[in-house]
Amino acid sequence: MIRIENVSLSYRDVPILRDITLSLEKGGIIALVGPNGAGKSTLFSLIARLQPLQSGRITVDDLPVDTTPSRQLAKRLAILRQDGAVASRLTVRELVGFGRFPHHQGRPGADDLALVEAALQQFDLQTLSGRFVDTLSGGQRQRAMVAMTFCQGTDYLLLDEPLNNLDMFHARQLMRSLRTIADERQRTAIVVLHDINQAAAYADRIVAMRDGRVVADGAPETVLTEDNLEAIFGYRMQIARMGGKPFVLHHL
């Protein structure tokens, strides 16, 4: 379980996160939603120790993120950032293989290589595996980055806007892959999503943020109400139902 207890953060006296307390249990897909500037990516960066805590406490399976050695934490938690920079002359296979580094420390074994192949297959990258990253489209590169994160073999995957640059087909395929990973491999995917209907279709739990606070938390059917959506995004939306799930007509 990831526990976030009384976490606040400010930049130059401007509050970014305000007293966040959450327990993110193992298993399933948890979607973080909210408008731009809600604090979702900042919260991710604190969980992943990409910036230091100012107040409060975060633990991953009871390991404090601010004091646990990086190699130990990297075996439990993998993160895909929005702005992940990659050396251009890496092939896709080499990039995905970097996910295994916390385990083999530069000396990959047969098991590591097999896991790289499995990740390439999981995200439909076999035909691209020999291509250099700088020759890929934005969507292809995004899939390769998600595959690298998955290949790290952690219980928790933190994916910050993984649908960026993906067309409709590959966005659906990625969310289906995450659903399979959660159901069959008992992994936990914590995903920042701007597409509220992807969250409705695939997430077990939605955590909605606005102005650095959690304003709604629960199953999609509970969170995606007209009142909640207006409180989260600032305008009223119609809600339909398809296949027993809420479908938000946010574009009308």
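Is Asp217 buried, partly exposed or exposed? Asp217 is partly exposed, with a relative accessible area of 37%. Here buried means under 20% relative accessible area, exposed means over 50%, and partly exposed lies in between (1.4 Å probe, protein chains only).

The model is predicted: local features need pLDDT of at least 70, side-chain atom pairs count only at pLDDT 80 or more, and totals for chains, interfaces and linings use all residues. Residues are numbered from 1 along each chain as its sequence is written, and side-chain values use heavy atoms, with hydrogens and water left out.

**Salt bridges**

A search of the whole structure finds 13 salt bridges. The term stands for a side-chain nitrogen of Lys or Arg within 4 Å of a carboxyl oxygen of Asp or Glu. Side chains of opposite charge can pair when their charged atoms come close. Three of the pairs are listed here.

| Salt bridge | Closest N to O |
|---|---|
| Asp61 and Lys26 | 3.4 Å |
| Asp204 and Arg179 | 3.0 Å |
| Asp217 and Arg205 | 2.8 Å |

Asp61 forms a salt bridge with Lys26. Asp61 lies in the loop between β4 (55–60) and β5 (63–64) and Lys26 in the loop between β2 (14–24) and β3 (28–33), so the pair ties together parts that are 35 residues apart in sequence. Helices (H or I, at least four residues) and strands (E, at least two) are DSSP runs, numbered from the N terminus. Asp61 is buried at 18% relative accessible area, whereas Lys26 is partly exposed at 45%. Lys26 and Asp61 also belong to a network of salt bridges that includes Arg76 and Asp155.

Asp204 forms a salt bridge with Arg179. This pair links distant parts of the chain, with Asp204 in the loop between α8 (196–202) and β9, Arg179 in helix α7 (residues 168–185), and their positions 25 residues apart. Asp204 is partly exposed, at 41% relative accessibility, and Arg179 is buried, at 17%.

**Arg205 and its surroundings**

Arg205 is found in strand β9 (residues 205–210) and is buried, with a relative accessible area of 18%. Its side chain meets that of Asp217 in a salt bridge. Asp217 is in strand β10 (residues 213–218), and the two residues are 12 apart in sequence. The same two side chains make a polar contact of 2.8 Å. A polar contact is a pair of N or O atoms within 3.5 Å; within protein, one must be able to donate a hydrogen and the other to accept it, and residues adjacent in sequence count only if both atoms are side-chain atoms. A polar atom of the Arg205 side chain also lies 2.8 Å from the backbone oxygen of Ser23. Leaving aside residues up to four places away in sequence, Arg205 touches a set of residues including Leu22, Leu24, Ile29, Ile30 and Pro220. Contact means heavy atoms within 4.5 Å.

**Ser45**

Ser45 sits in helix α1 (residues 40–47) and is buried, with a relative accessible area of 11%. Not counting residues up to four places away in sequence, Ser45 touches Leu50 and Gln51. Ser45 and Leu32 are 13 residues apart in sequence and 14 Å apart in space, C-alpha to C-alpha.

**Helices α5 and α6**

In α5, Leu115, Val116, Ala119 and Gln122 meet Ala147, Phe150 and Cys151 in α6.
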